[in-house]
Structure formats: C-alpha cells, structure tokens
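Trainee: I would like to learn how to read a model like this one. Please take me through it feature by feature.

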Amino acid sequence: MNKPVLTKQHVHTLARLTFGNAASLVYLGVVAATAVFVTVDTLFVTHDDASFAGVWLFFLAAPTVFVFFAGGAMLGGDSGGPDWLFYLALVVSVLVQSLVLGWFARLLGGGRGRARQSRPRSA
C-alpha cells in the first residue's frame, strides 16, 4: 500500500513554518494591519479621487501574487477575473511568503526546534 504524500507530520511542519516563528508572525501581522487599514479606508473614508490604499497589499504580497495572476492568465483567465479569484490569489501568496519566511528563519537559526540527536560525551 502506498504511503500518503502529505502526512500529519508534514502538515504540522508546514503550519509551524507558516505560523510558528517570529519572522512569519511579524509578516502576517503587518499584512493583517494593512488589510484593516485598506478596509477602513475603502469603506469609511470619502475621497475625491480613487484611493491607492489597496496597492500596499500588493506590495506586501509581491512577487508571488503576480505569479498567480500570470498563471491564471496563461490558463485562459482574463485580467478582470472574478473577485474571489483575486482575493484567493492574495491570501495564498501571503501564506506562501509566510511559509518561505519561516523556512528561511529556520535555515538561518540552524534548525532550532528540531530534535537533536544526543552524542555520547567523552570523559
């Protein structure tokens, strides 16, 4: 019988890399604060002209959000696709970048958090 490709251990590791370290949490906090700012600016502030507050979310989600948009365009989607696809690409790209930040922080931290094998000490 074949082993599943994505086991519970893999899911736990991915979740820990995405949400369980300081670098990812700071990044996700900045994205959440920016999303609140954009929402308040869009709903409650009147502007004579269009507001560019939403551009900040793209700056935080770049470059992966553009990869998703380019992939959608290659698959036949038009640039003015449905709103749910736009928001899904934004959320998935933020989560992918949070995962990469977590992986990079783990790489720089020397793999702290992993179980280390004990070596016999010489007397």
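Trainee: How much area does the protein chain expose, and what share of it do carbon and sulfur atoms supply?

Mentor: Accessible areas come from the Shrake-Rupley method with a 1.4 Å probe, and for residues only the protein chains shown count as cover. Here the protein chain exposes about 9,900 Å², with 68% of it supplied by carbon and sulfur atoms. This is a predicted model, in which local features need pLDDT of at least 70, side-chain atom pairs count only at pLDDT 80 or more, and totals for chains, interfaces and linings use all residues. Residues are numbered from 1 along each chain as its sequence is written, and side-chain values use heavy atoms, with hydrogens and water left out.

Trainee: How many helices and strands does the protein chain have?

Mentor: Helices (H or I, at least four residues) and strands (E, at least two) are DSSP runs, numbered from the N terminus. The protein chain has 5 helices and 0 strands, so its elements read α-α-α-α-α from the N terminus on.

Trainee: What percentage of the residues is buried?

Mentor: Buried means under 20% relative accessible area, exposed over 50%, and partly exposed in between (1.4 Å probe, protein chains only). Of the 123 residues in the protein chain, 20% are buried.

Trainee: Which residues of α2 are buried, and where do they pack?

Mentor: They are Ser24, Tyr27, Leu28, Val31, Thr34, Val38 and Asp41. Their packing partners are α1, α3 and α5, judged by contact, meaning heavy atoms within 4.5 Å. Contacts can also be sorted by sequence separation: among those in the protein chain with a separation of 6 or more, 66% join residues 24 or more positions apart.

Trainee: What span should α2 have?

Mentor: The expected span of a helix is 1.5 Å times one less than its number of residues. For the 23 residues of α2 that gives 33 Å, and the end C-alpha atoms are 32 Å apart, which agrees. The 26 residues of α5 should span 38 Å, and its end C-alpha atoms are 38 Å apart, which also agrees.

Trainee: What does Asn21 do at the N-terminal end of α2?

Mentor: A polar contact is a pair of N or O atoms within 3.5 Å; within protein, one must be able to donate a hydrogen and the other to accept it, and residues adjacent in sequence count only if both atoms are side-chain atoms. Asn21 lies in the loop between α1 (8-19) and α2 (22-44). It caps α2, with a side-chain oxygen 3.3 Å from the backbone nitrogen of Ala23. The Asn21 side chain also reaches the backbone nitrogen of Ser24 at 2.8 Å.

Trainee: Is Asn21 buried or exposed?

Mentor: Asn21 counts as buried because its relative accessibility is 15%. Leaving aside residues up to four places away in sequence, Asn21 touches Arg16 and Gly102.

Trainee: Which residues make the nonpolar surface patch?

Mentor: Patches are made of residues with over 30% relative accessible area and no salt bridge (a side-chain nitrogen of Lys or Arg within 4 Å of a carboxyl oxygen of Asp or Glu); like charges are joined within 9 Å, nonpolar side chains (Val, Leu, Ile, Met, Phe, Trp, Tyr) within 5 Å. This patch covers about 1,100 Å², and its residues are Phe68, Trp84, Leu85, Leu88, Val92, Val96, Val100, Trp103, Phe104, Leu107 and Leu108. Helix α5 (residues 83-108) gives the most, with 10 residues.
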